[in-house]
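Work through these exercises with the model open beside you. Each task is followed by a solution in steps.

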Amino acid sequence: MSLDFHFNSPVEVLDLPLLREHQVHVSVKRDDLIHPFISGNKWRKLKYVLTRAREEHKHTLVTFGGAWSNHLLATACAGARFGFKTYGFVRGEAVSNPILTMCRLYGMDLQFVDRTRYRDKKTIFDQNFLEQEAVYIDEGGFGQAATLGCEEIVHELPQHFDHIFVASGTGTTVSGVASAIINHNLSTKVHSVPVLKGGDFLKSDIRTLGVDPDMICFHTEYHFGGYAKYTAELLAFIKDFVQSTGIMIEPIYTGKSFYALMDLISKNYFATGDRILIIHTGGLTGFLGMYDKF
Ligand SMILES: *Cc1c(COP(=O)(O)O)cnc(C)c1O
């Protein structure tokens, strides 16, 4: 079975009064439609890691994450789909929630590790697995092989865009996008909306992935207090956006990136006629931890 979904996520044009008023074109790359649980950029990041694992005849994937990690769930589901045994090390005390239940349902073996031990993930791997048999996948899918898959987002685009926006956690997705823009000599400006407070670590991480962070425009003022933090204004924006487009977004990642884009449009950040693409990075299961906030 080949390691792909044989499906390019569609690009959809948004039609909203704000966009007509400011005369900009906004399209959404619907990576949320790739798969319900191997969601969006998490599939992009896993694709070449899994491809390499298969080539090297490794049958086990080992990865790490918080109790609400989209990456853990994506790895569990991809393991079931493509024939790998999966192990997930979860940061912190034992808890139960719908994400972890789905991970188990997909066959992932979960172990909780206290925060001190969790800091040294490589040691946890080395104590439990053999390098020849198992693949170490970093938290959030961060890594060089992961950027390769994210480059394909740009390869799939049907037309030129002046700007591309993406939400950033580890910065892997935006690095892949930026790297494809450079490789193809495109003039597209790449924008990152960090969802964590203090985006400086992000720049050095992006550099370790081989991309010059100075070519990316960071909009660091849209974290709403930090990772998984939100305000009433963010929730109101999400509700309004979902109701006026039919496209679901959530408060942890896409709510913040879409908010940032719409806010910049309302402040006349763009030139008349600009063509803007925003990547819907998926992760809608993030809602499961926040369903009672709406
Ligand atoms: C994990 C995730 C991100 C962050 O991607 P990075 O490559 O870590 O920057 C963005 N959006 C969604 C929906 C995610 O699940």
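**Exercise 1. A charged pair between two strands**

Does Arg 30 count as buried or exposed, and at what relative accessibility? Then find its salt-bridge partner and place both residues.

Solution.
- Step 1. Keep in mind that this is a predicted model.
- Step 2. Take the accessibility of Arg 30. The value is 9%. Buried means under 20%, so Arg 30 counts as buried.
- Step 3. Look for the partner. Arg 30 forms a salt bridge with Glu 12, and the closest N and O atoms are 2.8 Å apart.
- Step 4. Place the two ends. Glu 12 sits in strand β1 (residues 11–13) and Arg 30 in strand β2, so the pair links distant parts of the chain, 18 residues apart.
- Step 5. Check the other end. Glu 12 has a relative accessible area of 30% and is partly exposed.

**Exercise 2. Two domains and their contact**

Which residues make up domain 1 and domain 2? Describe the contact between them.

Solution.
- Step 1. Set the bounds. Domain 1 covers 11–37 + 143–293, and domain 2 covers 41–141.
- Step 2. Count the contact residues. Domain 1 gives 24 and domain 2 gives 20.
- Step 3. Take the distance between centres. Over C-alpha atoms it is 25 Å.
- Step 4. Turn to area. The size of an interface is often given as the accessible area lost when the parts come together. Here about 1,800 Å² is buried between domain 1 and domain 2, and carbon and sulfur atoms give 58% of that.
- Step 5. Look for pairs across the interface. There are three salt bridges between domain 1 and domain 2. Eight residue pairs are in polar contact across the interface, both residues at pLDDT 80 or more.
- Step 6. Find the elements on the domain 1 side. α7 (144–155) and α8 (172–183) each give two or more residues to the side that touches domain 2. α7 gives the most, with seven residues.
- Step 7. Sort that side of domain 1 by residue type. Nine residues are nonpolar, eleven polar and four charged.

**Exercise 3. Salt bridges along the chain**

How many salt bridges does a search of the whole structure find? Examine Lys 47, Glu 139 and Arg 44 among their members.

Solution.
- Step 1. Take the total. The search finds 14 salt bridges.
- Step 2. Start with Lys 47. Its partner is Glu 152, with the closest N and O atoms 2.9 Å apart. Lys 47 lies in helix α2 (residues 40–55) and Glu 152 in helix α7, so the pair ties together parts that are 105 residues apart in sequence. Both Lys 47 and Glu 152 are buried.
- Step 3. Move to Glu 139. It pairs with Arg 91, and the closest N and O atoms are 3.3 Å apart. Glu 139 is in the loop between β6 (134–137) and α7, while Arg 91 is in strand β4 (residues 85–91), 48 residues away.
- Step 4. Compare with the cut-offs. Glu 139, at 28%, counts as partly exposed. Arg 91, at 32%, also counts as partly exposed.
- Step 5. Join the shared partners. Lys 29, Asp 31, Arg 44 and Glu 156 form one network of salt bridges. Within it, the side chains of Arg 44 and Asp 31 meet at 2.8 Å, N to O.

**Exercise 4. A histidine and its surroundings**

Where does His 71 lie, and which residues does it contact?

Solution.
- Step 1. Locate the residue. His 71 is in helix α3 (residues 70–82).
- Step 2. Test burial. Its relative accessible area is 2%, so His 71 is buried.
- Step 3. Find the polar partner. The side chains of His 71 and Thr 63 are joined by a polar contact of 2.7 Å.
- Step 4. List the contacts, leaving aside neighbours within four places in sequence. They include Lys 42, Leu 46, Phe 64, Ile 137, Asp 138 and Glu 139.

**Exercise 5. Positive phi in loops**

What is the phi of Gln 23, and what is that of Phe 224?

Solution.
- Step 1. Recall the background. Most residues other than glycine have a negative phi.
- Step 2. Read Gln 23. Its phi is positive, about 50 degrees. The residue is in the loop between α1 (17–21) and β2 (25–30).
- Step 3. Read Phe 224. Its phi is also positive, near 55 degrees. Phe 224 is in the loop between β9 (216–218) and α10 (232–245).
- Step 4. Check burial. Phe 224 has 15% relative accessibility, so it counts as buried.

Technical notes:
Residues numbered from 1 in each chain as written. Predicted model: local features only at pLDDT ≥ 70, side-chain atom pairs only at ≥ 80, totals over all residues. Heavy atoms only, no water. Domains from an automatic or database assignment. Contact = heavy atoms within 4.5 Å. Buried area = accessible area lost by both parts, 1.4 Å probe. Salt bridge = Lys/Arg side-chain N within 4 Å of Asp/Glu carboxyl O. Polar contact = N/O pair within 3.5 Å; in protein donor to acceptor, adjacent residues only side chain to side chain. Helix = DSSP H or I, 4+ residues; strand = E, 2+ residues; numbered from the N terminus. Nonpolar A, V, L, I, M, F, W, Y, C, P; charged D, E, K, R; others polar. Buried < 20%, exposed > 50% of the residue type's maximum accessible area, 1.4 Å probe, protein only.
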